[in-house]
Amino acid sequence: MSGGNPDQALRRLELTVVRRLDGLLQGRHQGLIPGPGSEHGDSRVYVPGEDDVRRMDWAVTARTTVPHVRDLIADRELETWALADLSASMEFGTAEVSKRDLVISAVGAIGILAGRVGDRFGAYILYGDDVHRYPARQGRPRLYALLHSLLGAPPAQGSVDLGEGLEMMAAAHRKRGLRVVVSDFLDPADSWEPPLRRLAARHQVLAVEVVDPRELELPDVGFVTLTDPETGRSRGVHLSRGIRERYAEAAAEQRWEIRTALRRAGAAHLVLRTDRDWVFDLAGFVLRQRRTAHLMRRAAGRRAGA
């Protein structure tokens with residue numbers, strides 16, 4: 001999404017998302033992570049041919065001997081909130097896009113998908129030394145205004161702790177819904193895992209990890225100068241084979257620690273890379289989540305009917 005006219009970039013993003021992901025949104029409303037995102041409502045008598053048998057309330061059915069289903073409060077009554085990390089480390093990128101571009105694209109895609117099924121969408125942005133809040137609203141103009149501000153913001157200086165942003169979002173919004181965290185998660189896990197776990201205890205949480213290939217391995221290019229974008233410190237390094245191997249091992253261990261922390265926190269985990277087709281990866285993630293949810297509902301139905 002970098003470069004060019006912001007309006008054109010946003011239209012291209014929307015067209016891409018709608019064309020390639022719209023098929024996933026047909027039929028009954030479903031979120032990016034289907035399943036526990038709906039609140040349980042009251043039971044009522046089952047209507048053959050109209051109601052989904054997977055929503056049978058077997059306890060009430062057994063008690064009354066009349067088939068009942070349990071209604072769900074529509075997901076569209078819930079809010080979707082995104083926490084987007086646009087700190088200085090996200091300015092890095094050695095592939096087709098920067099990590100910052102990928103974060104904005106992911107936030108835009110999630111906002112578009114939320115809007116097409118009637119959800120209100122809001123965001124917290126980690127930028128510079130502050131956390132900026134954009135209230136949850138419906139409609140494309142509101143989403144475009146948010147994305148315009150992100151696209152037009154100059155490169156960030158400094159950073160704010162990811163855990164602080166998670167705490168702010170959790171404290172301000174108690175009503176159940178989807179919470180999406182888009183970051184590289186390079187802060188120490190003990191700073192963001194506890195608040196993320198508390199967030200996941202009440203909401204559905206999707207953690208979108210943004211990765212650049214040079215964060216995983218270094219090229220064989222000899223002497224280079226490396227600069228930390230958040231502190232500005234630089235250091236010259238000769239990228240010998242030994243250095244590159246140790247770097248790759250350390251990077252693999254770091255990513256394993258991130259995956260483990262996200263799993264312990266109870267968040268769904270999606271990895272988007274700057275050198276891959278991120279829309280394809282997002283679509284594959286949604287399909288896998290829905291397939292898993294479908295199989296779990298079938299298994300629950302079989303156990304209930306046994």
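A residue is described as buried when its relative accessible area is under 20%, as exposed when this value is over 50%, and as partly exposed in between. By this criterion, 44% of the 306 residues of the protein chain are buried in the structure, which is a predicted model.

The secondary structure of the protein chain consists of 8 helices and 10 strands. Among the contacts in the chain with a separation of 6 or more, 75% are formed by residues that lie 24 or more positions apart. The surface exposed by the protein chain amounts to about 15,800 Å², and 51% of this area is supplied by carbon and sulfur atoms.

Two residues illustrate the categories introduced above. Thr61 is located in helix α2, which spans residues 58–64. Its relative accessibility is 14%, and Thr61 therefore counts as buried. When residues up to four places away in sequence are set aside, Thr61 is found to touch Met56, Val66, Pro67 and His68.

Asp129, by contrast, counts as exposed because its relative accessibility is 56%. This residue is situated in the loop between strand β4 (120–127) and strand β5 (130–137). Asp129 also belongs to a patch of negative charge on the surface, in which it is gathered with Asp130, Asp161 and Glu164. Thus, Thr61 in helix α2 provides an example of a buried residue, whereas Asp129 in the loop between β4 and β5 provides an example of an exposed one.

Key:
Residues are numbered from 1 along each chain as its sequence is written. This is a predicted model: local features need pLDDT of at least 70, side-chain atom pairs count only at pLDDT 80 or more; totals for chains, interfaces and linings use all residues. Side-chain values use heavy atoms; hydrogens and water are left out. Helices (H or I, at least four residues) and strands (E, at least two) are DSSP runs, numbered from the N terminus. Buried means under 20% relative accessible area, exposed over 50%, partly exposed in between (1.4 Å probe, protein chains only). Contact means heavy atoms within 4.5 Å. Accessible areas come from the Shrake-Rupley method with a 1.4 Å probe; for residues, only the protein chains shown count as cover. Patches are made of residues with over 30% relative accessible area and no salt bridge: like charges are joined within 9 Å, nonpolar side chains (Val, Leu, Ile, Met, Phe, Trp, Tyr) within 5 Å. A salt bridge is a side-chain nitrogen of Lys or Arg within 4 Å of a carboxyl oxygen of Asp or Glu. Lys and Arg count as positive and Asp and Glu as negative; His and the chain ends are not counted. The place of a charge is taken as NZ of Lys, CZ of Arg, CG of Asp or CD of Glu.
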